[in-house]
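Subject: The structure I promised you

Hi,

Here is the structure we talked about, so open it up and keep it beside this email while you read. My notes on what turned up come right after it.

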Amino acid sequence: MLDRINKFFKKRMTRPADSEQIFLSDQHSLTPELMSTEARKVVSTLQNAGFDAYIVGGCVRDLLLGFKPKDFDVATNAEPEEVKPLFRRARIIGRRFQIVHVQFGREIIEVTTFRSNQKQPESDATRRQTESGMLTRDNVFGTLRDDASRRDLTINALYYNPSDNSVRDFSEGLEDIKRRLIRIMGDPEVRFREDPVRLLRVVRFSAKLGFQIEPRTAEPMRALANSLQQVSSPRLFDESLKLFMSGQSLATFRLLQDYNFFAHMVPQSAECLGQSDFSERLIDQAFTNTDLRVRAHKRITPAFIYAALLWPAVQQRALVYREQGEPPLSAQRHAAENVIAFQVRLTAIPKRYSIPMREIWDMQLSLTRRTGGRAERLVNHPRFRAAYDFVLLREEAGEDLNSLGEWWTRYQNSNELERQNMVSAIKEPRSSRTRRRRPRARKPDTKSVE
Ligand code: ATP
Ligand code: MG
C-alpha cells in the first residue's frame, strides 16, 4: 500500500498534462457502498471474466459532490458481444453508440465499451464526420485513456474501481470538482463542433452544480451557438428537458441567454423577450416556480414549461388573427397551431405534452367564463389544476386578469352554497346572453379551426 502511495506522489510530481493519476482510498470521499449493488455486480462480473471495468461518468461526479446519482454507468474494455453473454438479462442497443443494457429487476446498468476519439481513415465506416466537424457515427473502440479523452468534461471523466476503491483521472477532473470548474476535455472548439449538445451540457452542469465555466472552455461558446441548429429535434428536446427540469432552470435560462443558445432553442419566445417586459417576467416566474416545485418534490411537467415559454408568442400571433376578424378562441387556437408547429421542428415535443399545452391555453379563455354550470364543469376538468396555476403565473408576472386567480382560489375552497353565490355575483353579460339563446350549446364559441 505504502509503495503505491509513494508511487502515486512520485507520479504526481513529474506528471505531464494528460497523464493518469490514481487516487487511492484516503484521497477521495468515495466508498464501494455508495455505489449501487447492481453496478458493483456488473463491474465484478466483468473483472472476474478478465476484463477491465469501472463505474464512470455522472454518478461518480455526483457522489463526489454528495448528490444522489440518477443512474450508474459502467465502462469496460469488453466489446458488446463479450459483455452480453456474461449476464442473464442483457441487450445490445443503439446504432451510433452500441451499448449494453444489463437489467436487474427495474434497474438498468448501462455498459459502454471504451471508445476512441481518434481520427480514422476516410473510408472507415466506424466513424463519420460531417463537413462542419460533427460526428455522426462513433463506434471505434479504444483504451481507457482514449475513452477518457472522448468524454465531454473533466468532471465527467473519472473512473471508479470499487474493488480497490480507487479513482482514475486523466485530466485533473478530481481537482476540477474541488475547484468547482467546468472544463471541456481537449480543444474546446473541436469538441463543440463534433457535438454541439456539449455546449448545452456545459451550461447545464455549470447551472446545476453552481460551477464556473473555465474561460478557455467558454471562449468559443457564443460564436458556436449557430451549430445548435444541427442537433436533431428529438435530441434537442431531451436536452431541453434536462436543462429546464434540473431544479436550476432560472440560472440555466440566464446562461442560455448569455450564450445566445436560448434563441436557437425557443426562437419565438426569444423574439418576444426582446419586445416586452411581460414576456421576461412570465418566463422568469415560470422557471422560478418550476425550481421551487422541484425543491419541494412536487410534480413538474414539460407541458406547463413549454406552455409558459410559448404563451407570449401565441398571444402575439392570436392578436393578429383577431385583428383579421377571427373570434378570440379561434384566433388563439390558430396561433397555437402555428407556434407549436414551428417549435416542434426544433424540439420534437411529443403529443402527450403538446395536447395539454393547447388545453392549458384554451382554458385561459374558458376560466374567465364562469356562469351557469360552467365553473363547476371547469373545476372538474382534468386540466383545471394546470390551467389555474397558469392563471396564477400570468398574474404573478403582472398581468391584470381582474383577480381571476383569487376568484378560483376562493371557489375551490368554498362549499356548494358559497360557490352558487360566487357564480351569481358574476356579471358576464355577453356569455349569459349567449347561454340564454342557445341553452344546449355547451361551447358556443369553440368552433375549431383545426
Ligand atoms: P446526468 O445523467 O446527471 O444528466 P451524466 O454526466 O451522467 O449526467 P449522461 O448523459 O448520463 O450524463 O452521460 C454519461 C457520461 O457520458 C457523461 O458523464 C460523459 O462522460 C459522457 N457523455 C455524455 N454525453 C456526452 C457528449 N455529448 N460528449 C461526450 N461525452 C458525453
Ligand atoms: Mg447519467
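One term before we start: two residues are in contact, or touch, when they have heavy atoms within 4.5 Å of each other. With that in hand, look at E214, which touches L181, I182, R183 and I184, leaving aside residues up to four places away in sequence. Please keep in mind throughout that this is a predicted model.

**E214**

You'll find E214 in the loop between β12 (212-213) and α9 (215-218). Is E214 buried or exposed? Its relative accessibility is 12%, and buried means under 20%, so E214 counts as buried. The side chain of E214 also makes a polar contact, at 2.5 Å, with the side chain of T217.

**The whole chain**

Zooming out, the protein chain has 22 helices and 12 strands. There are 450 residues in the protein chain, and 50% of them count as buried. If you take the contacts between residues at least 6 apart in sequence, 67% of them join residues at least 24 apart.

**A375**

A375 belongs to helix α18 (residues 374-379). It has a relative accessible area of 0%, so A375 is buried. Which residues does A375 touch, not counting those up to four places away in sequence? They are R370, W407, W408, Y411 and V423. Try finding W408 on your screen: A375 and W408 are 33 residues apart in sequence, yet their C-alpha atoms are 8.9 Å apart in space.

**The largest pocket**

Next, the largest pocket, with a volume of about 1300 Å³. It is lined by 39 residues, and the closest to its centre are D73, F97, E110, R201 and K242. Several elements give two or more residues to this lining: α3 (58-64), β3 (73-76), β6 (107-113), β8 (135-138), α8 (197-209) and α10 (233-244). Which element gives the largest share of the lining? That is α8, with six residues. As for chemistry, the lining of the largest pocket divides into 22 charged residues, 12 nonpolar and five polar.

**Ligand 1**

There's a ligand to look at too. Ligand 1 has 17 residues around it, and the ones that come nearest are R61, R151, D195, R198 and R204. Here are three places where an oxygen atom of ligand 1 pairs up with the protein:

- R151: a polar side-chain atom lies 2.9 Å from an oxygen atom of ligand 1.
- R204: an N or O atom in the side chain is 2.8 Å from an oxygen atom of ligand 1.
- N156: here a polar backbone atom is 3.0 Å from an oxygen atom of ligand 1.

**Two residues with a positive phi**

Last, a pair of backbone angles to check. N165 is not a glycine, but it has a positive phi of about 55 degrees. R180 is not a glycine either, and its phi is also positive, at about 55 degrees.

Where do they sit? N165 lies in the loop between β9 (158-161) and β10 (166-169), while R180 is in the loop between α6 (173-179) and β11 (181-182). N165 has a relative accessibility of 10%, so it counts as buried. R180, at 40% relative accessibility, counts as partly exposed.

Have a click around, and send me anything that puzzles you.

Cheers

How values were computed:
Residues numbered from 1 in each chain as written. Chains lettered and ligands numbered in written order. Predicted model: local features only at pLDDT ≥ 70, side-chain atom pairs only at ≥ 80, totals over all residues. Heavy atoms only, no water. Helix = DSSP H or I, 4+ residues; strand = E, 2+ residues; numbered from the N terminus. Buried < 20%, exposed > 50% of the residue type's maximum accessible area, 1.4 Å probe, protein only. Polar contact = N/O pair within 3.5 Å; in protein donor to acceptor, adjacent residues only side chain to side chain. 1 Å grid on protein atoms, 1.4 Å probe; cavity = no way out; pocket = protein on both sides within 12 Å on 5 of 7 lines; lining within 4 Å. Points joined across faces, edges and corners; volume = space filled by probe spheres on them. Nonpolar A, V, L, I, M, F, W, Y, C, P; charged D, E, K, R; others polar. Near = heavy atom within 4 Å.
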